Every structure is written in structure tokens, then in C-alpha cells.
Amino acid sequence: MVNTMNKKTKSVLSVAVILLFLILVYLGDTVIPAGSNWKMLITVIEKGSIYALVAASMNLLNGFTGLFSLGQAGFMLIGAYTYAIFTIPAASHDAVYQYFEGGVIKWSLVEMLEGSLGVFGHYLGMLIPMLGAGLIVAVIAFLIGIPVLRLKSDYLAIATLGFAEILRAFFQWNTLGPVTNGSNVLRKYTTYGNAIFPVLIAGICIAIIVLLINSTYGRAFRAIRDDEIAAEAMGINLFKHKEISFVISSFFAGISGALLAMFQTTINATPFNTVMTYEILLIVVIGGIGSITGSVIGAFLFTAASEWWLRGLDAGRWLGISATFMRPGFRKVVFAVLIMLIVLFYSRGIMGDKEFSWESFLGWCKNLPANLKAWPEKRKAKAAAKREAKEAKAAAKARAKEAAESNAARMASGEALFTPLEVSDTVMVFDKEGK
Amino acid sequence: MLQTWLPYILAGIAVGGQYALIAIGYTMVYGILRLINFAHGDVFMWSGLIMVYLITVLPLWASVILVIIFAIILGTTIEKVAYRPLRSAPRMSIMISAIGVSYLLQNFALYITGGLTKTYPAINFLQKTVKIGSATTKMVTLITPILTIVLVVLLVMLIKYTKIGMAMRAVSRDFETSSLMGIDINRVITVTFVIGCALAAIGSVLYFSNYTGINPMSGAMPGLKAFVAAVFGGIGSVPGAVVGAFVIGVCENLIKGAGWTTFSDAFTFVLLIVILMVKPTGLFGEKNIDKV
Amino acid sequence: MKKILVLALSLVLAMLALAGCGGGSGSGGGGDTVKIGVFEPASGDNGAGGKQEILGMEYANEMTPTVTIGDKEYNVELVKVDNESDNSKAVTAAQNLVSQNVSVVLGSYGSGVSIAAADVFADAGMPAIGVSCTNPQVTADCEQYFRICFLDPFQGTVLANYAWESGCKKAYCLSKLGDDYSVGLVNYFVEAFKELGGEVVEEQFPDKNSDFTSYVANAKNKGCDVFFAPVSTEAAALIIDQAEAQALGMPILAGDTWDSNVITDAAKGKNVDITVTTFYQEGGNPEFDEGIKEWMENNSTAMTNNGGNTDLAAVTALGYDAYFVALEALKAAGSTDPADVLAALPSLKVSGLVCGDVSFNETGDANKTEAFVKHCNTESGAWEFVKTQSAE
């Protein structure tokens, strides 16, 4: 809006920033010693990027297609298990599947490919099960989608949530133990060595999501979100597009599940519960429903705040303040209150439905000092406007009350039988849903 | 045969009655606001928690009354603070707000209890052991279904024969028109929350007298199951929710009795999905037509 | 406008928080302090047990707040993180400890979180001393993990022997889905019990379940004569309650987690028969018993964390021991560097502890050959010592 840039400069800038970030992450993970406080930053970037991917995938569904689905944790669960099962080294099978005689799958894809292709095979062996995780999740989502996607918004939410819970029970079923290790943890599978791996994979996946959103499909998704009936009238096949969105979203949820498995180094079905889905949903809300940039920012903020910055609140010492009321659990209360404040007062989240662009970023930077300067004034003006609105509301209420009283009096005297009642001021106006 | 299954059926009926009392809150709120009140299960949990603290200073009867009042205040406050400002917002925002409230209530309970499970105070009358045929069980198992049915009959009469009941039916049928007809929507919604939360509080006394541990997550699973019960019975229908709750309670216990313990919770959701596929309006629900 | 505000706020928050973190480590990083990480659950399923375990460490820290390493006296600071009894939070919690530059880590209560965190400790070369995590997988493939308690294969065999010797032929075994501790212990129990010629019925309950009516009914219907349920104390209280309500009529048997005042409180005045195996025999060391009880009485937070009274849990005694094992390891290492501590641990021998002497075998597990069997006196609500039982 302020100064226009040509496309080339923008691409160069973006590529430069992304490269710089990747290099910093790579160096950060190799250089920073384990005992340093900054190591936590790397951990947050790893987990944040994984959550960014799953939040983006949920946003594709909730924010761009208007399908309120709460099945993300279940899909991540499948992804995580699929990846883990196929990459446990052969030698570790007896130890991992200790109650199931070493399990049924006795080989690891990573080792097989590593044997024939070396380092390249090692990574290929990680990428194939990861893609496989995504594909299996996509297939399962496709099947679940056939019945579920015909449901309306909140029924859809509760049905997907139900499916996630069923999946969780299924994966813990003792009979499937030789494959899933029953309710015991899966561990020892191949994980990444450097934090750059999840960042890179998540980045590529998010880029694909962005491309999809900007394609004709993306426009169809948004049309469905804004008005299903109108979209259908314009010739968009509702079910087909919903199914596409659902399957693609689940595919990426599966990949992020695989990444999460690598991050955690052990996998167990229990934590993939509704609370996890709610957390992802809250990330989407904090970032802004309908903004991928928002989801990414939200994921990093959420992870950093909950895992790192606010931990001091549990220990009784934070920002140099110590207080006895800061005991375990306080962190989560503060966090939940912050989220509630965002939901109620900044319901558009950090980015609203806008995406990052260099123009608006530079414009924002340029205007920042002026905005900051103008801030007290603006606040005053806002407060005044608020007061005015309040007064006007009170006045309207008083008027309405008066009218109601006079109506009642006239009703009592029988007059109203013949003359129409005065229209009162408090008629509510309802916005159309989904706006 | 019956000898073997009797304990499961009894347990199922008891827990079904307790689900029913929670489910009514869900079904009424959904009927009027079209909102899955995710925080309802946590109001239920908080009622139990407050009882633990109240009983240390007050006699039993006073605690029970205060617990009910507390639940009502909590429920209506949630409605005022978290749902009312968003009423004209898209449906997704208000549902997210409900999830946020649920998250907050759970975490606040976590902070207050310090993550420890609290033991529910012993109400001797309810926890007395009784023998029925081959089964031994707690008194509460017998009282729950009776009390539930009495309360439901009272509620149905309230909805059918009083003015506020009529207003509720009108609002649930058509929100906008009834507001145009001069019905005070806010009052109707408040009353709905009052009834729902009071029943949840009574349910909490019964439920936690039977299963005496309360932790911050205690409300989540009963809440979800109660919601499924409401969907099963046809959302918006009070008798439907009650029937649904009993069905879920009994089936769940029979499944455990049959040895499928891993899937006792999953079953509830299987039932949900089946009912949504086969008859999305539930057993007693009315058909809803989308209008442009 | 709002966007700017939120961004500005979050930036400020970020900077302040960073400053706060930096400040925290600055004050702790002084030359005379050695940090011991405490990796325990303070919430979630194992919150109660984790807190009791921390109590032992806190008491020990209060008794012996300094340690002489080399020729220098250091103050010992306990750095606690909450792993929320959740495998997915355990990794970041562990990373948090590592990044705060601790010398050695203690914990955790609950095996799952320890298994999950093992790789983080391994990557960082951080020695960890398991306190009451009894699943063999904790130390099996992790050179950095040691532990001072006995293991599930041992405990399971002990319990099976005890059950068999008391004349039980058919056991009902209940574990929790996704809980490594109970699933593992049940598994070893079943193995040993079948070997002795017994019969078993195995069942699992899902997460967040609080309705144990049907499980108790199942045990009765299947004609079992012992109810083995080595689950978390949260579930235990509910099981005891249902056992009383339905007149279970068979002894309940459990592992070390049940040695807690949560159980005695729940069982008090009820018609139930509970026997557990455990690490510590209350009254085995009167000096320690009295000392810690007095300390709890004068410390209301400690009292609350212990569940409102001063009855000792075995894990508290173990926590106390763990602290001293850590101090001895630091002394033997002669430095606060985790690598030196790690090198000193395998050959470490510590005596004078309340739960018996500790030395480690080649996998890093303590050499323990006996467990204490205790029975719950439901009239007084206290544990009574029955006997010591070995695996043979």
C-alpha cells in the first residue's frame, strides 16, 4: 500500500529470509551447547514448526472451507504410528515389542534403503514412511469423509471428534499389539538429527497448502465457506470439494504426526486426545481463522509461551516476581485466560484473514512510530466513542421501556385492539450465519 | 443368565441416569442456541469440586443447595461473558469460545486442586450398600433413576404448561421470529442455563457419590457421553436425551461385562456416528430444513 | 490497530520472558551453586505420586543443603519441571531441565515419561537417576539412565509368588491403556503366575475412566480369587470404593504405587483386603520417619502435597534417597559437569540410605533382591508390615 515492489525483489527477499532462517536454525542446533538456555529456542522451533503444519492443515479445513472438524489429533496419531512402525531398527524390535515377541514387522525401511543407497537411502527411508503416513491418513480420511462430510457444522465437529477417540482406542487394542505394540510406547525408531529437518519439511508442506489455497480449488473452498447454497448454485460440487479439502488436510496432519513422532522420540496413543485437538484449534484461533501466516505465528507463540516463557509461573519465579500463588498449574491458568481474552476481544486473532506480504509488512514498520504516537489519542477517541454508544444504548433502552409501558397501558384500556402498537426500539438484528 | 448380567445393568442404569441429568443441559442449550456447550461437562466437574470444599465447613443439606446455586451462577456467568457477546458472530466462533471456556475451567481446577484427585465427601445415605438379587451395589444406584425420572417429568411439565416453557419452545423453534414477537430472548436463555446447570449439579452429587474421585478431567468424558446421548435422543428433545443416556449407560457397562473393555468409551462414539448416518435427527428429533 | 496492539504486546511479552529466563539462570549460575534437576509430574494421572516423591527430595535438600565437591562447598538448588504425566510433554520438560544447566536429573514417578525423556538426556549426555520408575525399558537402552528402585520383572514375580503362596489360583489383572507402568507390571505378573500354574484374566481400562463397577463385577463373575490392579493411585481409590460397594470378596493386590496414604485413606473403615509390595517399610528408619513428619507438620505446602496428613509414602523415602545418591555422585565426580557425574555413577556405592544400599549393575539398575510386603489395616488406616519377599 505504501511503496510498491516488483515481483522479483519480493521473491529475492523471501528466498533470502527463508535461507537465512534455515541457516540460523541449522547452526543454532549444531553450535548451541546442550546446557544453554537458548537450546530451548531450538526445541521450540522444532515443535513450533510441527504444530504450524498441523495448524495450517486445520486452518485449510476450518478457516478456508468452513468445515468445523475436530479430528486432527486422531489423524496425527495414525501418521505418528505409521512412521514409527516402519522405521524401528531390526535389532531393536525385541526390546520395543517386548510383550509381543518382537512384533510382526521385523524390518526397518531406513535400514533397508541405507544398506543399498547409503546416506541418501537413510533420508529416503525416512521420507517414504513419512509420505506413507500422510497417504494412509488420507485414505482413512477419505473413507471417514464419505459419511461424515454430509453432516452440518457442529454435528461434523462432534463426529470427527468421535472418530479420533475411536482411533485412539483401536491403536491401543491389545489384539493389534504385534503391530502397534498395544498400549505400550513405540520407541527407538529413526529420528532426525538436526532441527532443520522438521522446519524444512513443515515449510514445504505449508507452501503446498498455500499454493492450493491460491488455486481454483482454494477459491471453491472459500465459496463453500461463505455460502454453501450459493456455491452449489454456481456449479461447485459441494461434496467433492469438501472431500478434497478434508483429505488434503488430513494428509498433512498425518505428516505432522510423523514429524511429531520424530520430535518426541517415543509414541503412545494416549496423548492424542481431544485436548491436543483443542490446542491445535486454539493455535488456529490465536493466529486468525483463515490466515496461514497467522497459524504459523500462532503455533510458534503458543509453543514458546506454553513450553518455555511461562514455565516460570509454575516454579514461583517469573520476570523476577516471586509469589506463593505461582505454583504448578498457574502457567496453564494464565495461558487459558490469555486465550479466552483473545477469543472474546480479538476474535480475528493476530492476522485476521490476511496473509503476510512484504508491502504490508514494510508499511506496517514505516507507520509503526506514527501509530505508536497516535495510540493514546486513538484510545481516547475509542473510549469516548464507546461511552457515547453506551449512553445511546441506555437512552434507547429507556425509550423502549417507556414505549412498552405506554403500550401496556393502552392494551389495558383496550385501545390497542384497534390501533397498532408502537414499534419498540429493541428489535434484534441478526447477521446471517457464516459471515 | 440374568444373575450374571444384573450388576452390569444396574450400574448402567445408574450411570445412565447421571448422564441424563447432564444431557438435559446439552440438549436444551443446543435446542435454543444451536451451540454445543463444551463447557457443560466442566460445570459438572466444578460442582463436584465445590462440594468437596464446602462440606468441610457446612452441613450436608446446605452444601448441596449451595452447590446447585454455584453451578447456576457459573453457568449463567459463562453464558453472559463468553456466549452472549458472540451471539451474532459465526457459529464457529461461539463454539471455539465454548472450547476456550472448557480449557479455562479445567486448567483452573488443575491449579486449585494442584493436580491431585480429590475424594468426594461421603454421603452415608447414598453410599450405603444394598443387595438386589445377586448384585450388591450402592444406594445411589437405585435412587438415581428414580430421581432422574421425577426431575424429567417435572421439567417436561414446566416446558409444556408454563409461560416460560412456552417461550422456550417458541425460541427453539424460531429464534428470530420469537424475538420479534416480544419474547425476551435473554431471559429464556438464562432460564435454560439455570435449569441445565442445576440438573448438572444434582447429577454431580449422584455421580461423584458413586465414583468418588474428582480431578480436573472428570467432567470431560461424562460431558462428551452426555452430548452423544442428547444427539442419540434427538437434540432439543428432553425425553430423547434421557432415553439416549440410559441406552448409553447400559450398553457401555454391558460391553465392559462382555470383555471388550478397551472399547467401552469408543463404543459411545460408534453409536454417535451410526445414529448420525442413519437418523441424524435422533430418535425423537424433528426434521430441520435449511432455508436460504 | 488491534493487530498492532497484539503484536506489540506479544513482542513485549517475549522480550520480558526472555529477560526473565535469562535472569533466572543468571542468579542460579553463580559459582557456588550446583543444580539438580527434578523431572517429576505435578499434575495429570501421577500428580499425587510425583508430588510425594518431590517431598522426599525437598526434605533431603532442607536437611543437607550443601555439598562439597572437590574442595569447594556448593549450595544445592533443586530445579523442578512438571512433566504433566504426559509422554508428549515430557520431551520439552526434559529439554527445559537440560537447558537450565543442571548437573544431574532425578525422576520420574511413572515409567512412560522417563522412557520418553531418555533420548533427550542421552543426546545431552545428562545423567538421570530414576527414582520409582520400575519399567525395565527405562534403563535398557539408555546409558545415561540409572535407577535406585527395583524393576517390574522382579516386582511382578514377587507379587505372583506372594499370591500363589497365599493360595490364589485365578488372578484378575487390571491395567490402564497406554500406561507403561501398569501394563508392564501386569505382564510380568502374568508370566510368573502362569509359570506357577495359575490362571489369569486380563483387562484394561481406558484413559479418564472413573467407572470401575463393571471391572469389579467381571472379577467376581469370572471366579477369580485375587484382584491384581497395579494402577495409579487415582484409579486405586475408585477401585477400592467399588470393591466395598459390590462386596468384592477377594484380596486386592498391587505394586509400589499403592503404598501411599491415598490408599489407606480410601480403605479406612471399608471392608477390603489390600496387600502391596513396596520399596520402603515405614518404621524401618525411625529417625527419618520422625524427622520428615515433623518437617511436614511445620510446612503446610508439604502437608497439602502429601495429601493432608503426614503418612509416609514409599516414594517419598525413595525421593529422599535419590537426593543423597545424587550428592554422592557429585562428590565422586569431583565436579559439577554432567559428563563427570555420568562417569562416576556406574561404580558408585551409597550406603546409609533409608531404603537400603544402592549400587548399580551394568544396565544401570540398582541391585535389589527384596521387596517389602505390606497389608492395609482398614481400622486404623495404616500399613502393616507382613514380610520381605524375594523373587525366588
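The paragraphs below go from chain C as a whole to one of its helices, then to a hairpin in chain B and the contact between chains B and A.

This is a predicted model, in which local features need pLDDT of at least 70 and side-chain atom pairs count only at pLDDT 80 or more, while totals for chains, interfaces and linings use all residues. Residues are numbered from 1 along each chain as its sequence is written, and chains are lettered from A and ligands numbered from 1 in the order in which they are written.

Chain C has 14 helices and 15 strands (DSSP runs numbered from the N terminus: H or I of at least four residues for helices, E of at least two for strands). The radius of gyration of chain C, 22 Å, is close to the 21 Å that the globule rule gives for 392 residues, so chain C is as compact as a globular protein of that length (the radius is taken over C-alpha atoms, and the rule is 2.2 Å times the number of residues to the power 0.38). Its C-alpha atoms fill a box of roughly 65 × 60 × 40 Å along the principal axes. Of the 392 residues in chain C, 63% are buried (20 or more other C-beta atoms within 10 Å of the residue's own, against 12 or fewer for exposed and in between for partly exposed; C-beta atoms are placed from the backbone).

Within chain C, helix α6(C) covers residues 152–165, and its end C-alpha atoms are 19 Å apart, which agrees with the 20 Å that its 14 residues should span at 1.5 Å a residue (the expected span is 1.5 Å times one less than the number of residues). Ten of the 14 residues are buried, so α6(C) is largely enclosed by the rest of the structure. Among the buried residues are Phe154(C), Val158(C), Leu159(C) and Tyr162(C). Just after α6(C), Gly167(C) takes a positive phi of about 90°.

In chain B, strands β2(B) (residues 129–132) and β3(B) run antiparallel and are joined by four bridges (strands pair if DSSP finds at least two bridges between them). Lys131(B) has Thr136(B) in β3(B) as its bridge partner. Two residues lie between the strands of this hairpin, where Gly133(B) takes a positive phi near 55°. In a regular strand the side chains alternate between the two faces of the sheet. Along β3(B), residues 135–138, Ala135(B) and Thr137(B) point one way, Thr136(B) and Lys138(B) the other, and all are buried.

The contact between chains B and A takes 39 residues from chain B and 43 residues from chain A (C-beta atoms, placed from the backbone, within 7 Å). On the chain B side, α4(B) gives the largest share, 15 residues.

How values were computed: Contact = placed C-beta atoms within 7 Å.
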